[in-house]
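Here is a colleague's note to read with the model open beside it. Please follow the points in order and find each residue as it is named.

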Amino acid sequence: MIILALLRSCVNAVSWAQGGELLITSGDDTKVRVWRMDPSGSTGTNASNAESQEEYPFACQSVIDTGHTQNVFNAQMLPFSTRIATVSGDRQVRVFDVGEVVGQSPTGSEMEYTTRESCIRVLRCHTGRTKRIITEDSPDLFLTVAEDGQVRQHDLRTSHSCTSGACPAPLVTLPHELSTIALSPLTPYQFVVGGESPYAHLFDRRHAGRNLHAEWGVPPDANSATTCVRRFGRRSRAKAERRGFEHITGARMSDWNGHEVLLSYHLAGVFLYSTRDEPESFEDQRGPHSILTPNAKRRRLSTTKSPSSHGEPLTGPDMEMIVEDQLESLFANNVTDSIDNLSQEDDEDGDDDEDDDDDEDDDDEDDDDHLFTPEDADSHQAVPVVYPRTRFTGHCNIETIKDVNFLGSHDEFVTSGSDDGNFFIWRKSTGELVDILEGDQHIVNVIESHPHLPLVAVSGIDTTVKLFAPARGVPSFSRWNNAETIKKNNAARASRAGLSGSAELQFAYLVLNYQQALRGTRGGGEESEAQLTQCINQ
């Protein structure tokens, strides 16, 4: 492992440029650093001390002060140019260009450039924090995504005044925050976006001369520059997820085949999809293609507002599901009215007791997930849903926004960072975990594979970027021997995160427990009244 020291801040942005000749990094210190393999290193055949030198000796060539006032989240060099685009928490998109010297310092040591010397464009089109950049096959065009729910295409060949409201219309506007975008160079007319929604959305930019209805079964959106042609979703939530709080933190499309899509879900794992897979309706959820088949009891609970209980306390997963389903109504209306409505629903569901008895045997089945239903809100309800081929688990994605990526010359592996400071590698074809490597003292967020060499750049909360390459002997940074313990600890951490919840969720638990106590008082006399007093005092 090789360590590139930045010394000042955590590293949010890592990307390869110019065919892997350059490495671009940036982070909380708002400075962009450009690294190049040091020609004085062991790559020379006549190096007398080659054996003692690093195999990939990268050196920092340029340091650019971006002028951003908040953290830089992403930095990319535009193809066929020396321009570098950055996005930040200050909602701005900035473009820098210092010429050919950006990757080759004329003095042999790193050169520093001020914002005035290097910045050629400041774009303020977004109204939310800008999160990611996608480059296109052009030195002038690139896409950005932001928490304002918009995807915008920027063309450096034209200019406009952002302050006067003359910004070009966005390619996509969704009613929820977006945090990630993915595009494959093999299918540049398609891109996937994800954020605070249970679904990722696939958009097709082709309009002229195309019949989207014939190809996708979806009519073109005449009022937009793009058309949402597919949604990528799951059949069920992870146990720790709360309804309405699902979040996609990372997305990646395969550079090798152009149709495979990786999505990383907060608390739920990494999922593999394909744009070529046929969508399924909600009625087909229990079909043979299901990855995580829910049991019958879970299905019934997810489609009813409240099961009958007749004074029996609700605990565990059943209680959690009811709380999730009732959160919106509990806080949108008067709490007293909500309790009365719940009581009426319980009376109406009284006939379901026999179904409860029939489902007792299902308690032993996998209780980790609960089913999505057509009622789960989405802005493109009419667009067909594609379900995952494979799920990859074992890591922990709670604390930060983590990317996801393919590895290998044919994208045969999948990788993701984790809150435990490791990054995980799975075999794509089977979902099998093949290695766990220590990449950060705290959290790994970004993993970027070199386009040609067997080299992987990893960053996270540490103030360094680590470069991993194959080595002889036992890998010193592998944690494979502790894999089972690491996976168990991560699962326990996710469970704790789901149980802790928010203040609103805890209050909802209190309200529903109080409702149960009231119901017991109405039908149980003095004994139930004593139980109510004990419950309130606790």
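1. Two strands are said to pair if DSSP finds at least two bridges between them, and this definition is needed for the hairpins described below. Please keep in mind throughout that the model is predicted.

2. Strand β27, residues 413-417, runs antiparallel to β28 and is joined to β28 by 5 bridges. Within this pairing, Ser416 has Phe424 of β28 as its bridge partner. The two strands β27 and β28 form a hairpin with 4 residues between them, and Gly421, which lies in the turn, has a positive phi of about 85°.

3. On to the next pairing of β28, which is made with strand β29, residues 433-438, again in the antiparallel sense and over 5 bridges. Here Ile425 stands opposite Asp435 of β29. The hairpin of β28 and β29 has 5 residues between the strands, and in this hairpin Gly431 takes a positive phi near 80°.

4. Why can strand β28 be called largely enclosed by the rest of the structure? Of the 6 residues that make up β28, residues 422-427, 5 are buried, so the strand is largely enclosed; the cut-off behind this reasoning is that a buried residue has under 20% relative accessible area.

5. The aromatic rings deserve a point of their own, since a search of the whole structure finds 8 aromatic pairs. For Phe424 and Trp426, the ring centres are 6.0 Å apart and the planes are at 25°, so this pair is stacked. Phe424 and Trp426 are both buried, and ring pairs link them with Phe392 into a cluster.

6. Phe468 and Phe477 form an edge-to-face aromatic pair, with 6.1 Å from centre to centre and 85° between the planes. Phe468 counts as buried because its relative accessibility is 10%, whereas Phe477, at 27% relative accessibility, counts as partly exposed.

7. Two arginines should be examined together with the rings beneath them. Arg234 lies over the face of Tyr265, at 3.9 Å from the ring centre, while the charged end of Arg242 sits over the ring of Phe245, at 4.0 Å from its centre.

8. The largest nonpolar core has 20 residues, and those with the most contacts inside this core are Val192, Phe232, Val261, Leu263, Tyr265 and Tyr273. At least two residues of this core come from each of β17 (200-204), α2 (212-216), β18 (227-232), β20 (248-253), β21 (260-265) and β22 (269-274). A second, separate core has 16 residues, including Val11, Phe58, Val446 and Leu455.

9. Returning to Val261, and leaving aside residues up to four places away in sequence, the residues touched by Val261 include Val192, Phe232, Phe271 and Tyr273. Arg252, Met253, Leu272 and Thr275 are also among the residues that Val261 touches.

10. Is Ser105, in the loop between β8 (93-96) and β9 (111-113), buried or exposed? Ser105 counts as buried because its relative accessibility is 5%. The side chains of Ser105 and Thr107 are joined by a polar contact of 3.1 Å, and a polar atom of the Ser105 side chain lies 2.3 Å from the backbone oxygen of Ser109. Not counting residues up to four places away in sequence, Ser105 touches Gln61, Glu110 and Met111.

Definitions and conventions:
Residues numbered from 1 in each chain as written. Predicted model: local features only at pLDDT ≥ 70, side-chain atom pairs only at ≥ 80, totals over all residues. Heavy atoms only, no water. Buried < 20%, exposed > 50% of the residue type's maximum accessible area, 1.4 Å probe, protein only. Polar contact = N/O pair within 3.5 Å; in protein donor to acceptor, adjacent residues only side chain to side chain. Contact = heavy atoms within 4.5 Å. Core = buried A, V, L, I, M, F, W, Y, C linked by side-chain atoms within 4.5 Å. Phe/Tyr/Trp six-rings, centres within 6.5 Å; stacked < 30°, edge-to-face > 60°. Lys NZ or Arg CZ within 6 Å of the ring centre and 35° of its normal.
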